[in-house]
Amino acid sequence: MTQLIDELRGLPAQVNEVDYRKRGYHIEVLLSAGEVRDFAGILRDHRFYLVFVSAVHLAPAIEVIYQFASHSDPCRIIGRTQVTDDGSIPTISDIFAGANWHERETMEMFGVAFSGHPYPEPLLLPEDAAGLHPLLKGE
């Protein structure tokens, strides 16, 4: 685990070990949008799997949250990054195939664009709801 933490700190990201009993995960990594793909690559190389990708609207910002876990060690890792000024985050769907639908759902619900996503089409909402983004807070 020490090697993983050292690699994550090399991003340079803020890496915090937290109390699992209080937070529900072991490590929190605060990233810039430009570090997301490197973060995902490190976790893939350490054989973590993607649990989910989602977002939180902290008006006026939107924060994208990634959760990863390990089959071999009891470890859950949360990655957090704010959406860039242009409303985008790089996709990780080519690193973790399971991110494909999570990113599409996050795009629909929050309006986050995942640059480089291979199929950025609506997933859940009806066709006439384009641009609705129901999980954004009202102004």
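# Reading the labels on this predicted model

Me: Why is Arg21 called exposed in this predicted model?
Reply: The relative accessible area of Arg21 is 74%, and exposed means over 50%, so the label fits Arg21. The model is predicted, which is worth keeping in mind for each value that follows.

Me: What makes the contact between Arg21 and Asp19 a salt bridge?
Reply: The side chains of Arg21 and Asp19 come together with 3.4 Å from N to O, and since the cut-off is within 4 Å, the pair counts as a salt bridge. Asp19 has a relative accessibility of 29%, a value between the limits of 20% and 50%, and is therefore partly exposed.

Me: How do you know that Arg23 and Glu28 also form a salt bridge, and is Glu28 buried or exposed?
Reply: Their side chains meet at 3.7 Å, N to O, which again lies within 4 Å. Glu28 has a relative accessible area of 9%, and because buried means under 20%, Glu28 is buried, whereas Arg23, at 42%, is partly exposed.

Me: Which residues make up the salt bridge of Asp45, and what labels do they carry?
Reply: Asp45 pairs with Arg44, their closest N and O atoms being 3.2 Å apart. Asp45 is exposed at 54% relative accessible area, while Arg44, at 40%, is partly exposed. Elsewhere, salt bridges with shared partners link Arg23, Glu28, Glu63 and Arg80 into one network, and a search of the whole structure finds 6 salt bridges.

Me: How many aromatic pairs are there, and why is the pair of Phe39 and Phe68 called edge-to-face?
Reply: The count comes to 2 aromatic pairs. In the pair of Phe39 and Phe68 the ring centres are 5.5 Å apart and the planes stand at 80°; the centres thus lie within 6.5 Å and the angle is over 60 degrees, so the pair is edge-to-face. Phe39 belongs to helix H3 (residues 36-45) and Phe68 to strand S4, so this pair ties together parts that are 29 residues apart in sequence.

Me: What makes the pair of Phe68 and Phe96 tilted?
Reply: Here the distance is 5.1 Å centre to centre and the angle between the planes is 55°, and because an angle that is neither under 30 nor over 60 degrees counts as tilted, the name follows. Phe96 lies in the loop between strand S6 (88-90) and helix H4 (99-110), so the pair with Phe68 of S4 ties together parts that are 28 residues apart in sequence.

Me: Why are Phe68 and Phe96 called buried?
Reply: Phe68 has 0% relative accessibility and Phe96 a relative accessible area of 10%; since buried means under 20%, both labels hold. Phe39 is buried as well, and Phe39, Phe68 and Phe96 form one aromatic cluster.

Me: In what order do the strands of the open sheet stand, and what makes S1 and S3 its edges?
Reply: The sheet has 5 strands in the order S1-S2-S5-S4-S3, with mixed pairing. S1 (14-17) and S3 (48-58) each have a single partner strand, so one side of each is left without a neighbour in the sheet. On average, neighbouring strands are turned by 20° against each other, with direction ignored.

Me: How do you know that the pairing around S5 is mixed, and how many bridges does S5 form with S2 and S4?
Reply: Strand S2 (residues 27-31) pairs with S5 in the parallel sense over 5 bridges, with Leu30 opposite Arg80 and Leu31 opposite Thr81. Strand S4 (residues 61-70), by contrast, pairs with S5 in the antiparallel sense over 7 bridges, and one of the residue pairs is Ala69 with Arg76. A hairpin of 5 residues joins S4 to S5.

Me: What makes S5 (residues 76-82) a mostly covered strand, and which elements cover the buried residues of H3?
Reply: In S5, 5 of the 7 residues are buried. The buried residues of H3 are Val36, Phe39, Ala40, Gly41, Ile42 and Leu43, and what covers them includes H1, S2, S3, S4, S5 and S6.

Key:
Residues are numbered from 1 along each chain as its sequence is written. This is a predicted model: local features need pLDDT of at least 70, side-chain atom pairs count only at pLDDT 80 or more; totals for chains, interfaces and linings use all residues. Side-chain values use heavy atoms; hydrogens and water are left out. Buried means under 20% relative accessible area, exposed over 50%, partly exposed in between (1.4 Å probe, protein chains only). Helices (H or I, at least four residues) and strands (E, at least two) are DSSP runs, numbered from the N terminus. Two strands pair if DSSP finds at least two bridges between them. Rings of Phe, Tyr and Trp (its six-membered ring) pair if their centres lie within 6.5 Å; planes under 30 degrees apart count as stacked, over 60 as edge-to-face and the rest as tilted. Axes are lines fitted to C-alpha atoms, for helices over the stretch in contact, and angles run from 0 to 180 degrees between N-to-C directions. Contact means heavy atoms within 4.5 Å.
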